[in-house]
Amino acid sequence: QRKKVLVNTNLVIVPASLIFNWKAEIAKFAPSIKVKTIYGNDRQKVTDDFDAYEVILTSYGTLLSDVRFLKDYRFNYIFLDESQNIKNPESQRYKAARMLQSRNKIVMTGTPIENNTFDLYGQLSFACLGLFGTKQQFADLYSTPIDQFKDSKRAAELQRKIKPFILRRTKEQVAKELPDKTEVTLYCEMGEEQREVYEANKKEIQDYILGKTED
């Protein structure tokens, strides 16, 4: 009988602007890891050789186009970086992410809540399927009482519920490991055409404000 090989291929989904950063960080801190990037017009659109890589790196935008074949591969871990990208459970990004298969799922973000408590639903319903029930149940039990009525008991209850699944590092903890902040100020003179557009817009806004003041 043929023994099934345990695949250790992990999918990392990031904003397009972070793909280069992720590749550079992996090359710097874990150069032995084999990475395959799925991005750009000439990207591969099959999963045939995924088993040979430890990390498949792609973007949220590419996921929307390629989910039709990515959903058929079972990954070890799926990591969502800047996971607030799927905070809206009605969005195509969230729906595409939910179609993916894996043994484990992890979401990572510095801003889990950007607008209201409901932002947690999309991210944690991906990472911890079934934890919250339906969208309406979460809204009725938690987000509406907490956001609209400042219900401290419901907020504490929600914190207790999600605490076992969250690894949190505060800004103070992270700051100790970061290099000193470097600030560089650059002054860029406008070109002639850009200056004309800027001055025209400035005058239009000034006239509008003066008109409102007179009114």
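**Entry 1: the largest pocket**

I began with the largest pocket and found that 35 residues line it, with T109, P112, I166, L167 and R168 lying nearest its centre. The model I am reading is a predicted one, and I keep that in mind throughout these notes. For the volume of this largest pocket I noted about 1,300 Å³.

I then asked which helices and strands each supply at least two residues of that lining. I wrote down two strands, β4 (74–81) and β5 (101–108), together with the helices α4 (119–127), α6 (152–162) and α7 (171–175). Sorting the lining of the largest pocket by class, I listed 21 nonpolar residues, eight polar ones and six charged ones.

**Entry 2: the second largest pocket**

Next I turned to the second largest pocket, which holds about 290 Å³ of space. Its lining is made up of L18, N21, W22, E25, D81, E82 and M108. Helix α1, which covers residues 19–29, gives the most to this lining, and its share is three residues. By class I recorded three nonpolar residues, one polar residue and three charged residues around the second largest pocket.

**Entry 3: helix α4**

Since α4 had come up in the lining of the largest pocket, I looked at this helix by itself. How many of the nine residues of α4 are buried? I found that eight of them are, and I noted the helix as mostly covered. The buried residues of α4 are D119, L120, Y121, G122, Q123, L124, S125 and F126. Looking for what lies over these buried residues, I found that the cover includes the strands β4 and β5 as well as the helices α3 (92–98), α5 (135–149) and α6.

**Entry 4: two residues with positive phi**

I also looked up two backbone angles, beginning with E82, a residue that I had already met in the lining of the second largest pocket. Phi of E82 is near 55°, which is a positive value in a residue that is not glycine. E82 sits in the loop that runs between β4 and α3. Is E82 buried or partly exposed? With a relative accessible area of 27%, I put E82 down as partly exposed.

The other residue is K150, whose phi is near 50°, again positive in a residue other than glycine. I located K150 in the loop between α5 and α6. K150 has a relative accessible area of 66%, and because exposed means over 50%, I entered K150 as exposed.

**Entry 5: the chain as a whole**

Last, I stepped back to the whole chain, for which I counted eight helices and five strands. Read from the N terminus, its elements follow the order β-α-β-β-α-β-α-β-α-α-α-α-α.

For the overall dimensions, I noted that the radius of gyration of the chain is 23 Å, whereas a compact globule of 215 residues would have one near 17 Å. Along the principal axes, the C-alpha atoms fill a box of roughly 85 × 50 × 40 Å.

What part of the 215 residues counts as buried? I noted 29% for the chain. The accessible surface comes to about 15,400 Å², and 52% of this area belongs to carbon and sulfur atoms. Finally, I checked the contacts between residues at least 6 apart in sequence, and 61% of these join residues that are at least 24 apart.

How values were computed
Residues are numbered from 1 along each chain as its sequence is written. This is a predicted model: local features need pLDDT of at least 70, side-chain atom pairs count only at pLDDT 80 or more; totals for chains, interfaces and linings use all residues. Side-chain values use heavy atoms; hydrogens and water are left out. On a 1 Å grid over the protein atoms alone, a cavity is a set of points where a 1.4 Å probe fits but cannot get out, and a pocket is an open set with protein on both sides within 12 Å along at least five of seven lines; lining residues have an atom within 4 Å of a point. Grid points are joined across faces, edges and corners, and a volume is the space filled by probe spheres set on the points. Helices (H or I, at least four residues) and strands (E, at least two) are DSSP runs, numbered from the N terminus. Ala, Val, Leu, Ile, Met, Phe, Trp, Tyr, Cys and Pro count as nonpolar, Asp, Glu, Lys and Arg as charged, and the others, Gly among them, as polar. The radius of gyration is taken over C-alpha atoms; the globule rule is 2.2 Å times the number of residues to the power 0.38. Buried means under 20% relative accessible area, exposed over 50%, partly exposed in between (1.4 Å probe, protein chains only). Contact means heavy atoms within 4.5 Å. Accessible areas come from the Shrake-Rupley method with a 1.4 Å probe; for residues, only the protein chains shown count as cover.
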